[in-house]
Amino acid sequence: MNDPAPSAVRLEGPWTHRDVAANGARFHIAELGDGPLVMLVHGFPEFWWAWRHQLVALADAGFRAVAMDLRGVGGSDRTPRGYDPANLALDITGVIRSLGEPDAALVGHDLGGYLAWTAAAMRPKLVRRLAVVSMPHPRRWRAAMLRDRRQSTAASYIWGFQRPWVPERQLIADDGALVGRLIRDWSGPRLPEDETVETYQRAMCIPSTAHCSIEPYRWLVRSLARPDGIQFNRRMKRPVRVPTLHLHGSLDPVARTRSAAGSGEYVEAPYRWRLFDGLGHFPHEEDPAAFSTELVNWLKDPEPDR
């Protein structure tokens, strides 16, 4: 692969690329369609392009679909600070406001799902509906990481991220080969194409991206016993009061089904749990048609069932 450049993340398609200012930083977005806003937030080790299939499906269904790059990733600013979940969630709600919309249906995968849970609790007026993919509620995640040995082992990469500098070097070594291994290892039997994996590897190799991608996970672990982490965990007791769709792959090796199931206890609104049989950690990429159908039908349902 050639040396990575920011252009590696502004990939061509039917969507439009632009930058928006929010929460003291600049964020890259890709958008397509007109209608009610659906904000898509990627996880690790991906960037906005993870939602390429859903951008098209949502636009075709009559929505304004926007996929953003998180702080420090893709085409967004790489700031020296600001990678705690409360601030990252304010990035997301800030982008919603910068787009001139009163609210959004918020869809988040992996870390993006963790932040989507957080945003819905912190800024409920800006989140019309919530869809979370492959991620337990933050309080469920914390409890599982501390008390469930199997979940702690499944997410061992997060413990490995606590070392200084070494994880960054590992992520970008050999043109980002580790990124490719993680994506393949975390997927179900429907493995991604080599070209898809290489796209994520190139994006990770953009300078400072690896460091910024790891910083949120460092905060999550290092804050477990700190006052700021304890305070955040207490804030997450605040229930989500918007219709919520929780999507999960039955073969997810990173976020165990047992950890994610039960997150509905933090939702005081219609809550729908959907398990995709035979899919791993990336259901939106492993079976985009089935995933998009589930998401669009739920978004169009005026009275989503509990």
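With which residue does Arg64 form a salt bridge? In this predicted model, the partner of Arg64 is Glu31, and the closest N and O atoms of the two side chains are 3.0 Å apart. The pair links distant parts of the chain, since Arg64 belongs to strand β4 and Glu31 to strand β2, with their positions 33 residues apart. Arg64 has a relative accessible area of 14% and is therefore buried, the limit for this class being under 20%. Glu31, with a relative accessibility of 13%, likewise counts as buried.

Glu31 also takes part in a salt bridge with Arg18, for which the closest N and O atoms are 2.4 Å apart. Because Arg18 lies in strand β1 and Glu31 in strand β2, this pair ties together parts that are 13 residues apart in sequence. Arg18, at 33% relative accessibility, counts as partly exposed, whereas Glu31, at 13%, is buried. Side chains of opposite charge can pair in this manner when their charged atoms come close.

A further salt bridge is formed by Asp77 and Arg26, with the closest N and O atoms 2.9 Å apart. Asp77 is placed in the loop between β4 and α2 and Arg26 in strand β2, so that the pair ties together parts that are 51 residues apart in sequence. Both residues are partly exposed, Asp77 with a relative accessible area of 23% and Arg26 with one of 32%. Asp77 and Arg26 belong, together with Arg10 and Asp19, to a network of linked salt bridges. In the model, the count of salt bridges comes to 19.

The strands named above are part of an open sheet of eight strands, arranged in the order β1-β2-β4-β3-β5-β6-β7-β8 with mixed pairing. The edges of the sheet are formed by β1 (residues 16-22) and β8 (residues 271-276), each of which pairs on one side only. Neighbouring strands are turned against each other by 25° on average when direction is ignored. Towards the β8 edge, strand β7 (residues 244-249) runs parallel to β8 and is joined to β8 by six bridges, and His248 has Leu275 of β8 as its bridge partner.

Helix α2 (residues 85-98) lies across β1, β2, β3, β4 and β5, and its direction makes an angle of about 110° with that of β1. Helix α2 also packs with helix α3 (residues 111-122), at an angle of about 75° and with the two axes 8 Å apart. The two helices are therefore roughly perpendicular to each other. The contact is made by Pro85, Ala86, Leu88, Ala89, Leu90, Ile92 and Thr93 on the side of α2, and by Tyr114, Leu115, Thr118, Ala119 and Met122 on the side of α3. When these residues are sorted by class, ten are nonpolar and two polar, while no charged residue is present.

Helix α3 is also among the elements against which the buried residues of helix α4 pack, the others being α5, α6, α9, α10 and α11. In α4, which spans residues 138-147, the buried residues are Pro138, Arg139, Trp141, Ala144 and Met145. In helix α10 (residues 227-235) lies Asn233, which touches Arg139 and Arg142 when residues up to four places away in sequence are not counted. With a relative accessibility of 14%, Asn233 counts as buried.

Note on methods:
Residues numbered from 1 in each chain as written. Predicted model: local features only at pLDDT ≥ 70, side-chain atom pairs only at ≥ 80, totals over all residues. Heavy atoms only, no water. Axes fitted to C-alpha atoms, helices over the stretch in contact; angles between N-to-C directions. Helix = DSSP H or I, 4+ residues; strand = E, 2+ residues; numbered from the N terminus. Parallel < 35°, antiparallel > 145°, perpendicular 65-115°, else oblique. Contact = heavy atoms within 4.5 Å. Nonpolar A, V, L, I, M, F, W, Y, C, P; charged D, E, K, R; others polar. Buried < 20%, exposed > 50% of the residue type's maximum accessible area, 1.4 Å probe, protein only. Pairing = 2+ DSSP bridges. Salt bridge = Lys/Arg side-chain N within 4 Å of Asp/Glu carboxyl O.
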